[in-house]
Amino acid sequence: MRGRYLHITLLSIFVVAVQVITQITDTTYYLTQLTMAAYYSLVILGLTLLMGYAGQISLGHAGFFAIGGYTSAVLTTYNLIPYKEKAIVKVMASMGMLQMREDLYGGQILNLHPWIAFLLAIAITVAVAYVIGIPVLKLKGHYLAMATLGFGIIIYRIVLGTPLFGEADGISDVPAFGLLPGIEVSGDMSMRIQNYYIAWVIVIVAVLLLLNLIDSRVGRALRAIHGAEDAADAMGVNTAEYKLKTFILSAVFAATAGVFLTHFNGGIGPSEASVMKSVRYVAIVAAGGMASIWGALTMAAVLNFLSLRGYFGSYDDAVFGAILIVIMLFAPEGILRLPVMKNIQRLLRFKPSEGSDGAS
Amino acid sequence: MVLLDVKGLSKSFGGLKAVSNVSFTVREGIIKAVIGPNGAGKTTLFNLISGVLKPDSGKIIFKNEEIQGLEPFQIAHRGVSRTFQHLRLFPGMTVLENVMMGRHIHSRSGFFAGMLNMPWTRREEKGVRQKTFEILEIIGIADLADKEAVSLAYGQQRIVELARALALEPKLMLLDEPAAGLNMRETADIARLITKIRDMGVTVLIVEHDMSLVMNISDEIVVLSYGEKIAEDVPLAIQKNEEVIRVYLGEDDA
């Protein structure tokens, strides 16, 4: 309990420290990739709950990220000006659900407010996750992996083949997302520091919510399902319902990340929905130690940052494939739980229980 | 009062009749045992009552309500708990957490309440913890509370399973070979605990190979052979029943 809030505080201090360091060393350009890494971390945190705690794999989470990102992109770029005399558009305008802006060439665009688009994106994600989850979560192991992989491929082909989604070009000119007056998610250079903090505050809140959940009655039931499903069933746990709700929750995390990153980048392309993205998310969850929120967050932030800075060059996807193989062979408990790391933690007087805080 | 009423229960796997037209009743507050040679259908019968398997025909009436066809978790909600022949403790969880799972149906916190760590969920967790400790004290394993359950000695793990089943505060407890793999002293400990649980007002239905255990603690015994009931009586009468002796010792030796 106490430990949880201490760790959250330490994370917050670390986030501030990183920003201050980039300021001092005049490397604020790193903040862009750190912001993007934060949003990808959000996907991985949700997937960690699903894989590490509920014991269900998903090779289709890039699909949910894309559902979030594309829904928001379409709804906030679709120009309603030709329909502005229609009653429904008028009603929406009077309710403040629309916003008027200028495009890159000074033309007028009337589009849905990003908040409304965000809420619709989440609603669609929940609906899709529900419909997909009910049949798919009856499967186990390889079969579940293949079914979710299939879902991911379908989403990828849909966004690639539909003119509404911009086909291979994706959707660009996505407007900023005004969260509150004066606070907006956008890729504008002048907003870089603010956006870094918006992203990391969202991640910190997500971590707190997940740690709370894992330490609750629901978290205990999820770990029980993971450990001995028949026994959990016999204790009165509706295992199908718990798996489905966890699946939906992790999909909502992915979609939320998709929405925010799309507004931050000002667009989204089909590569975000690709199977390799899903594989990457799974690889990072594995590298983090499956059932470790802190491990997943650390790996997600570091690996995504390195990838986004281009350190892996054209081998980017190969690196994540290799990480998956190496982790499975040599560190199935995750990098932070290797004996070497435990020794380092002990040397640093870093409590060894820290990495497995959630699982304890 | 009849707590559990099994009527004409049948279950086949392919051509094999694992349980064939079995009927018996369990009165409230007793220990009833189901015995029989290997392959007699004891485990199938157990899985039918606990909802793991669905019967081909017949009825299972618990507290005047038909429960055949319900899922195991729904049957648990109606007040039936069970242990497993092959231990099914939750790995990576302490004894306390394992037994806390028995309180699942008596608590309510869901996903949102859990994520937001609402004050009432914290209170609820505290209550669950307290009640679980009481159960551990009753069973006599409070000193093991913080140990990882699956790292305990085999005999202790059996007792943790018993505590977990008791934490559910069941009306009926199903015990699947609770003495399997235990030595004589451990078997005697388990026997004492089962009797104690019965004396707390919990009805017990037990499947067991260990004859001495069954004869010592059971109030009534049902004998199965090749999926059919061949006898149902008090232990003394069962010991003298010729058919039972024949089934157990082989026809030529009888």
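This tour moves through a predicted model, beginning with a helix pair in chain A, continuing to a second pair in that chain, and ending where chain A meets chain B.

**Stop 1: helices H2 and H7 of chain A**

Select residues 30-53 of chain A, which form helix H2, together with residues 192-214 of chain A, which form helix H7. The axes of these two helices come within 8 Å and cross at roughly 15 degrees; because angles under 35 degrees count as roughly parallel, H2(A) is described as roughly parallel to H7(A). If you show side chains here, the residues of the contact of H2(A) with H7(A) comprise 20 nonpolar, 4 polar and 1 charged. Turning the view so that one helix lies in front of the other, you can follow H2(A) as it passes H7(A) in a left-handed crossing.

**Stop 2: helices H11 and H13 of chain A**

Next, select Arg280(A) and Asp316(A), whose side chains meet in a salt bridge with an N to O distance of 2.7 Å. This pair links distant parts of the chain, since Arg280(A) belongs to helix H11 (residues 275-287) of chain A and Asp316(A) to helix H13 (residues 316-330) of chain A, with the two positions 36 residues apart in numbering.

Extend the selection to both helices: H11(A) and H13(A) pack at an angle of about 40 degrees, their axes lying 9 Å apart, and their crossing is left-handed. On the H11(A) side the contact includes Met276(A), Val279(A), Arg280(A) and Ile284(A), while on the H13(A) side the residues include Asp316(A), Asp317(A), Phe320(A) and Leu324(A). What kinds of residue make up the contact of H11(A) with H13(A)? They divide into 12 nonpolar, no polar and 3 charged.

**Stop 3: the interface of chains A and B**

Now display both chains, and select the 34 residues of chain B that are in contact with 32 residues of chain A. The area buried between the two chains is about 2,800 Å², and carbon and sulfur atoms give 64% of that area. Within chain B, pick out His104(B), Phe111(B) and Met115(B), which lose the most area to chain A and together account for 27% of what that side buries.

Finally, turn to the charged pairs: a search of the whole structure finds 30 salt bridges over all chains, and the count between chain B and chain A is 3. To see a salt bridge between the chains, select Glu97(B) and Arg223(A), where the closest N and O atoms are 3.4 Å apart.

Methods: Residues numbered from 1 in each chain as written. Chains lettered and ligands numbered in written order. Predicted model: local features only at pLDDT ≥ 70, side-chain atom pairs only at ≥ 80, totals over all residues. Heavy atoms only, no water. Axes fitted to C-alpha atoms, helices over the stretch in contact; angles between N-to-C directions. Helix = DSSP H or I, 4+ residues; strand = E, 2+ residues; numbered from the N terminus. Parallel < 35°, antiparallel > 145°, perpendicular 65-115°, else oblique. Left-handed = near helix turned anticlockwise from the far one by under 90°. Nonpolar A, V, L, I, M, F, W, Y, C, P; charged D, E, K, R; others polar. Contact = heavy atoms within 4.5 Å. Buried area = accessible area lost by both parts, 1.4 Å probe. Salt bridge = Lys/Arg side-chain N within 4 Å of Asp/Glu carboxyl O.
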